[in-house]
Every structure is written in C-alpha cells, then in structure tokens.
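This briefing walks through a single protein chain, from its overall form down to individual residues. Please keep the sequence and the structure at hand while reading the points that follow.

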Amino acid sequence: MSATKQYRQWHPHQPFLFPPSPHDWLDEGDLAYFILDVVDALDLSAIEAAIHAKDARGNRPYHPKMMTALLLYGYCVGVMSSRKIEKATYRDVAFRVIAGGCHPDHTRISEFRRQHLSALEGLFVQAVLAAQKMGLIK
C-alpha cells in the first residue's frame with residue numbers, strides 16, 4: 001500500500017505581516033480574483049488522480065489549483081512562457097496573489113502543463129464558458 005502524495009502548503013488568502021495583505025494591492029474586480037474563483041469551482045479530479053498515482057516520496061507538488069490558476073491567468077494576460085510565469089510570481093502583483101507566496105520554478109510549471117495538458121484543455125474551456133456566462137467575454 002503506497003502513501004498518498006502530499007501537496008506543498010498553499011494559502012492564497014494568507015495575509016503577510018507587511019503589507020497587511022497582498023489582496024490590498026489589487027482592485028476588487030481584478031481578473032486574478034475571477035481566475036481564483038473559477039479555478040476553485042473547476043473539477044480538478046483528473047489532475048489530482050494523476051498526482052496521487054505517482055510515488056508519494058520526493059518533493060511535494062504544488063497545489064494543482066494554484067498551478068492551474070497561474071497557467072490560466074498567464075494565458076488570459078498573454079504570458080505563456082513558463083519562465084515568464086515564474087518571474088511574474090516574484091514581480092507581478094496579480095501573479096503573486098494567485099501564487100499565494102509560492103514561486104514554482106519554470107521547470108515545475110512546464111512539467112505540470114505537459115503532464116496534464118489534456119485535462120487543462122477541458123478546464124480552460126470550462127473557464128471561458130464561465131466567463132462568457134457572466135458576460136465578461138463575447
């Protein structure tokens with residue numbers, strides 16, 4: 001019997017000591033919040049099943065919701081390179097909010113995308129349909 005894979009801690013709503021909260025840096029209606037809400041509602045069970053099927057030893061993976069949100073937000077704002085997404089988790093407020101203080105390196109981002117490409121395609125379609133239903137896109 002193998003142990004299940006544990007995720008690294010991820011708390012996108014965790015306030016920092018200084019400044020009080022990264023959420024204070026973004027406007028209330030920012031796209032990053034929409035992406036977090038949409039990803040929270042998506043069914044990531046296919047990605048989670050693939051992660052749990054792997055050996056539980058080794059480095060803990062980043063939370064699939066965070067990785068999916070980073071990729072989805074990146075695509076929405078025209079940042080598709082895993083290297084640029086990694087840099088953005090340090091430099092861009094919206095990416096920092098989505099990453100919740102985590103900074104996955106470009107290799108992890110690229111591998112996550114490669115390993116879960118078919119599941120991500122379906123999730124991205126669901127996200128676009130949700131945005132269309134809310135009248136955010138045509």
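Of the 138 residues in the protein chain, 39% are buried, in a model that is predicted. The chain exposes about 8400 Å², and carbon and sulfur atoms supply 54% of that area. Among the contacts with a separation of 6 or more, 73% are accounted for by residues 24 or more positions apart.

**Overall form**

- The protein chain has 7 helices and 0 strands, and read along the sequence it follows the pattern α-α-α-α-α-α-α.
- The radius of gyration is 15 Å, close to the 14 Å that the globule rule gives for 138 residues, so the protein chain is as compact as a globular protein of that length.
- Taken along the principal axes, the C-alpha atoms of the protein chain fill a box of roughly 45 × 40 × 25 Å.
- The protein chain carries 16 positive and 14 negative charges, and the mean positions of these two sets are 8 Å apart.

**Helix H6 and its cover**

- Helix H6 spans residues 106-115, and its buried residues are Ile 109, Phe 112 and Arg 113.
- Seen down the axis of H6, these buried residues fall within an arc of 95°, so they line one face of the helix.
- The cover over the buried residues of H6 includes helix H2 (45-52) and helix H3 (64-76), together with helix H4 (82-91) and helix H7 (117-133).

**Helix H4 and its two sides**

- The buried residues of H4 are Ser 82, Ile 85, Glu 86, Ala 88 and Thr 89.
- Around the axis of H4 they cover an arc of only 160°, which puts them on the same side of the helix.
- The face of H4 turned away from that buried side carries the exposed residues Arg 83, Lys 84 and Arg 91.
- The buried residues of H4 pack against H3, against helix H5 (93-99) and against H6.
- Ser 82 lies in helix H4, and with a relative accessible area of 12% this serine falls under the 20% cut-off and is therefore buried.
- Leaving aside neighbours within four places in sequence, Ser 82 is in contact with His 106, Ile 109, Ser 110 and Arg 113; of these partners, Ile 109 and Arg 113 are also among the buried residues of H6.

**The loop after H4**

- Asp 92 lies in the loop between H4 and H5, and at 31% relative accessibility this aspartate counts as partly exposed.
- Asp 92 and Tyr 62 are 30 residues apart in sequence, and their C-alpha atoms are 19 Å apart in space.

**Histidines in the segment before H1**

- His 13 lies in the segment before helix H1 (31-41), and its relative accessible area of 60% makes this histidine exposed.
- Although His 13 and Gly 101 are 88 residues apart along the chain, their C-alpha atoms are separated by 9.7 Å.
- His 23 also lies in the segment before H1, but this histidine is buried, with a relative accessible area of 17%.
- Not counting residues up to four places away in sequence, His 23 touches Pro 12, His 13, Tyr 33 and Val 97, so that the buried His 23 and the exposed His 13 are contact partners.
- His 23 and Thr 68 are 45 residues apart in sequence, and from C-alpha to C-alpha they are 19 Å apart in space.

**His 52 in helix H2**

- His 52 lies in helix H2, and at 32% relative accessibility this histidine counts as partly exposed.
- Leaving aside neighbours within four places in sequence, His 52 is in contact with Thr 4, Lys 5 and Tyr 7.
- One of these partners, Tyr 7, is 45 residues from His 52 along the chain, while the C-alpha atoms of the two are separated by 9.9 Å.

Notes:
Residues numbered from 1 in each chain as written. Predicted model: local features only at pLDDT ≥ 70, side-chain atom pairs only at ≥ 80, totals over all residues. Heavy atoms only, no water. Helix = DSSP H or I, 4+ residues; strand = E, 2+ residues; numbered from the N terminus. Rg over C-alpha atoms; globule rule 2.2 N^0.38 Å. Buried < 20%, exposed > 50% of the residue type's maximum accessible area, 1.4 Å probe, protein only. Contact = heavy atoms within 4.5 Å. Areas by Shrake-Rupley, 256 points an atom, 1.4 Å probe, with all protein chains shown as cover. Lys, Arg positive; Asp, Glu negative; His and termini not counted. Charge placed at Lys NZ, Arg CZ, Asp CG, Glu CD. Arc of directions from axis to C-beta.
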